[in-house]
Amino acid sequence: MNTTPGTATAGNGGGFDPRQAAVLLGQTTQQARRQFEPSPPWFLAIRAVMVLVAYGAVWLSVRGQHPYTHPTVAALPGVFAFVVVNLGATVVLARRATAGVSGRSRLSRGEIAIMAVVWIGVFAVMGALAGAGVSDAIVYGLYPAAVPLIAAGVAWAGIMAARGNQRASGTALAVAAVGIAGLFAGPAGAWAVAGVGLFLVLLGTAAVIARRQRA
Amino acid sequence: MTDDGLDPLIHVPTRLKIVATLAALPEGDALSFTRLQDMIGLTPGNLIIHLRKLEEADYISSEKTRNGTVSMTTVALTGHGRTALDTYTQALRDLLGGL
């Protein structure tokens, strides 16, 4: 399909008005940026709401516990749903955005391995802490609410900094900062801090990406 | 250059779309011919003509890879091409700012 003027003859631009060129350049750039973006703003906004609901449900289930034991079974489906939907949608959108793209945009096997080791390591340590008889407030409260954010955030920030992607590195560091803030909020409060913190980071990132796509 | 100082290689609607699309990728990344064709909305023959002109000017580079029986052509904007687009964009700004 040939829908653009001047294509049939591989023309020389004669009669192509500079104003039209400026409009075409702006439209094409915006459209391409949107199509290559693996985390579109609308998706980040949905994730923000989902994470607030999931972590909020856990916080509601533990906020009245004295002493702290663990999130109730009723609160966990929300968290699992968030993890599964988030992971699935992220993979689908990233595949669509990077289809046909080769080079540094794609994660290397080494980078994927680093993130896999971090996630497996975080939950292996959690299991070890539970086995070692560490208190429930840490094993089922502070640790799962804060440490995954810190570990994954720092690892991702390092990977993105090595790629020279300062925006993604900053976002990852903000996620790690949310985790660190959660450590000071107690076992129940850590869930609230993580939920609200991630909500704000995701919405802020959505706003930055949306502004960049319009620039 | 055209009379108004715009690079004639880029100042053609289709080539402007090709260069602007490739410039939206991070530096050093390449795009497959088929995805570029989808995004620009051209026939393969037309796209090849424009890509050849841009490649002759060293604005883009192309690479053909073969995986078994399947071959894939990828296209990337060169540093020279990115600079040319920046210069073209600035020339457009100057021109339209002065109108």
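A nonpolar core, as the term is used here, is a set of buried Ala, Val, Leu, Ile, Met, Phe, Trp, Tyr and Cys residues joined through C-beta atoms within 7 Å. With that settled, here's a tour of this two-chain structure, which is a predicted model. The overall scores are ipTM 0.91 and pTM 0.80.

**The cores**

Start with the largest nonpolar core, which has 38 residues. The residues with the most contacts inside this core are Val51(A), Tyr55(A), Ala146(A), Trp191(A), Ala194(A), Leu198(A) and Leu202(A). Four helices of chain A, namely α2 (41–62), α5 (136–162), α6 (166–183) and α7 (186–214), each put in at least two residues. Take Leu202(A) as a way in: setting aside neighbours within four places in sequence, Leu202(A) is in contact with Leu44(A), Arg47(A), Ala48(A) and Val51(A).

Another core, of 34 residues, lies apart from that one. Its members include Ala21(A) and Phe36(A) from chain A, along with Leu31(B) and Tyr88(B) from chain B. In soluble globular proteins, nonpolar side chains tend to be buried together.

**Where the chains meet**

The contact between the chains draws 31 residues from chain A and 35 residues from chain B. On the chain A side, α1 (18–36) and β1 (101–102) each supply at least two residues. The most comes from α1(A), with 12 residues. As for chemistry, the chain A side splits into 13 nonpolar, 15 polar and three charged residues.

The strands get involved too: β1(A) pairs with β1(B), residues 30–32, in the antiparallel sense over two bridges. Within that pairing, Val101(A) sits opposite Leu31(B).

**A sheet built from both chains**

Follow the strands onward and you get an open sheet of four strands, ordered β1(A)-β1(B)-β3(B)-β2(B), with antiparallel pairing. Its edge strands are β1 of chain A and β2 of chain B, each of which pairs on one side only. Packed on the sheet is α1(B), touching β1, β2 and β3 of chain B, and its direction makes about 90° with that of β3(B).

Inside chain B, β1(B) and β3(B) also pair in the antiparallel sense, over two bridges. By contrast, β2(B) and β3(B), residues 70–77, are joined by eight bridges and run antiparallel. Some residues that face each other across the sheet are collected below.

| Residue | Opposite residue | Strand of the opposite residue |
|---|---|---|
| Val101(A) | Leu31(B) | β1(B) |
| Leu31(B) | Val75(B) | β3(B) |
| Thr65(B) | Met72(B) | β3(B) |
| Asn67(B) | Val70(B) | β3(B) |

Leu31(B) is worth a second look. It stands opposite Val101(A), has Val75(B) as its bridge partner in β3(B), and belongs to the core of 34 residues.

The hairpin of β2(B) and β3(B) has two residues between the strands, and Gly68(B) there takes a positive phi near 70°.

**Chain B as a whole**

Chain B has four helices and three strands, and along the sequence they come in the pattern α-β-α-α-β-β-α. Its C-alpha atoms fill a box of roughly 55 × 25 × 20 Å along the principal axes. Of the 99 residues in chain B, 39% count as buried. Looking at contacts in chain B between residues at least 6 apart in sequence, 54% join residues at least 24 apart.

How far can you trust it? Chain B averages a pLDDT of 91, and 95% of the residues score at least 70. Confidence in chain B is highest in helix α1 (residues 13–23), at 96, and lowest in strand β2 (residues 60–67), at a mean of 88.

**Two backbone oddities**

Most residues other than glycine have a negative phi, and most peptide bonds are trans. Two spots in this model go the other way. In chain A, a cis peptide bond joins His66(A) and Pro67(A), with omega about 0°. Pro67(A) is in the loop between α2 and α3 (76–97) of chain A.

In chain B, Asp58(B) has a positive phi, near 65°. Asp58(B) is located in the loop between α3 (44–56) and β2 of chain B. Is Asp58(B) buried or exposed? With 12 other C-beta atoms within 10 Å, Asp58(B) is exposed, because a residue counts as exposed at 12 or fewer.

Key. Residues numbered from 1 in each chain as written. Chains lettered and ligands numbered in written order. Predicted model: local features only at pLDDT ≥ 70, side-chain atom pairs only at ≥ 80, totals over all residues. Contact = placed C-beta atoms within 7 Å. Nonpolar A, V, L, I, M, F, W, Y, C, P; charged D, E, K, R; others polar. Pairing = 2+ DSSP bridges. Buried ≥ 20, exposed ≤ 12 C-beta atoms within 10 Å, placed from the backbone. pLDDT = per-residue confidence, 0-100. Axes fitted to C-alpha atoms, helices over the stretch in contact; angles between N-to-C directions.
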